[in-house]
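Dear colleague,

Please find below the structure that I am handing over to you, together with its sequence. I would be grateful if you would look through it alongside the notes that come after.

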Amino acid sequence: MVGGSAWWAVDHYTGKVDRISGVFPTKVPAAAQPAPSEGGQTFLLVGVDSRSALPTTGRDAKAPEWKYGAQRSDTMMLVHLPADHSGAYVVSLPRDAWVDIPGHGKAKLNAAFSWGGPPLLIDTVQRLTKVRVDHLAVIDWDGFKKLTDSVGGVDLVVDGADRHMNGTQALVYVRERYHLARGDFDRTHRQQYFLRTLLAKVMRPSTFSNPVKATEVLDDLTAAVSVDDRLGDGDLRDLLWDNKEVRPGDIVFMNAPAKGTGMISGQSVVLLDSVAGPQLWRAMREDALDDYLQSHDADRLGATTP
């Protein structure tokens, strides 16, 4: 009965996930198209500041997920799921990274979504990393708050003190950067810390042993997140099944290699490391991130965050 109920829930809720069409770039020169990775899958997770009073992502969206100049991608993470399903690797891309945006020249990475929506952002990330983005998932701040509240909020350690945060408070926490010692680098670690804490809470047995709570969480999750239309219901079920043994402790969080920050054209920007970065991206393409971490220093998330 438990197994049957679980399968019904998975089958029911994967069919309720909102799909976005046309998210992958077209008319990209062959030389700029990355080859498929040697193993595993890579997702691009995007948190969007829609600046809209209406939801823009998920099943309850009432406004377009992208409109020229109206949204910027405040959070961008490449998530690599290895072929052996042993865990996951989450690499945050700084929103202020100074990069080449096709057709626009040099600019901050988060401008790509503003100027061209998911296709331009994916094209920019793929040219930067030479990693094939297999799938996209997008959530706006309205969905972020609802999802956080649906699990009863999160408990985080901030400045050495335990704090319980609801959705609104957690949003302020993950968006803060001006009062952090390392600015955007600490900000991305905050986002990773929140995600790890949220996953730990969602994946604990008590969430799914309570049918009412499980239904509420799955309802809010599928209502908040949008994915590309290449990720079918069967693909989602396979994804959940293949990674059913993965726990938050099996997920490695890190920042993309960077040399620091600087000022360009009057803007504060993040300068990516042109030597260490390609080494990380090659390891992702080769499904060898575990080997990479054993031989390279990485800006990894620790037990807590600033």
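The notes below cover aromatic contacts, charges over rings, one helix and two backbone angles. Please bear in mind throughout that this is a predicted model.

Aromatic pairs

Two aromatic pairs are present in the structure. In one of them, the ring centres of W141 and F144 are 5.9 Å apart and the planes meet at 85°, so this pair is edge-to-face. Both residues belong to helix 3, which covers residues 141-150, and a spacing of three residues places about one helical turn between W141 and F144. W141 and F144 are both buried.

F144 also pairs with F194: here the ring centres lie 4.7 Å apart with the planes at 35°, so the arrangement is tilted. Since F144 is in helix 3 and F194 is in helix 5 (residues 184-202), this pair ties together parts that are 50 residues apart in sequence. The relative accessible area is 9% for F144, which is therefore buried. F194 is likewise buried, at 5%. Through these ring pairs, W141, F144 and F194 are linked into a cluster.

Charges over rings

Two residues place a charged end over an aromatic ring. R230 does so with F24, its charged end sitting 3.9 Å from the centre of the ring. In the case of K244, the ring belongs to W241, and the distance from the charged end to the ring centre is 3.9 Å.

Helix 9 and the residue after it

Helix 9 spans residues 276-285, and its buried residues are A276, G277, L280, W281, A283 and M284. Viewed down the helix axis, these buried residues fall within an arc of 155°, so they line one face of helix 9.

D287 follows helix 9 and is located in the loop that leads to helix 10 (289-295). Although D287 is not a glycine, its phi is positive, at about 55°. D287 has a relative accessibility of 24% and so counts as partly exposed, the cut-off for buried being under 20%.

A second positive phi

D159 is another residue other than glycine with a positive phi, near 55°. The loop that holds D159 runs between strand 8 (154-158) and strand 9 (161-165). With a relative accessibility of 72%, D159 lies over the 50% cut-off and therefore counts as exposed.

Yours sincerely

Definitions and conventions: Residues are numbered from 1 along each chain as its sequence is written. This is a predicted model: local features need pLDDT of at least 70, side-chain atom pairs count only at pLDDT 80 or more; totals for chains, interfaces and linings use all residues. Side-chain values use heavy atoms; hydrogens and water are left out. Buried means under 20% relative accessible area, exposed over 50%, partly exposed in between (1.4 Å probe, protein chains only). Helices (H or I, at least four residues) and strands (E, at least two) are DSSP runs, numbered from the N terminus. The arc is that of the directions from the helix axis to the C-beta atoms. Rings of Phe, Tyr and Trp (its six-membered ring) pair if their centres lie within 6.5 Å; planes under 30 degrees apart count as stacked, over 60 as edge-to-face and the rest as tilted. A charge sits over a ring if NZ of Lys or CZ of Arg is within 6 Å of the ring centre and within 35 degrees of the ring normal.
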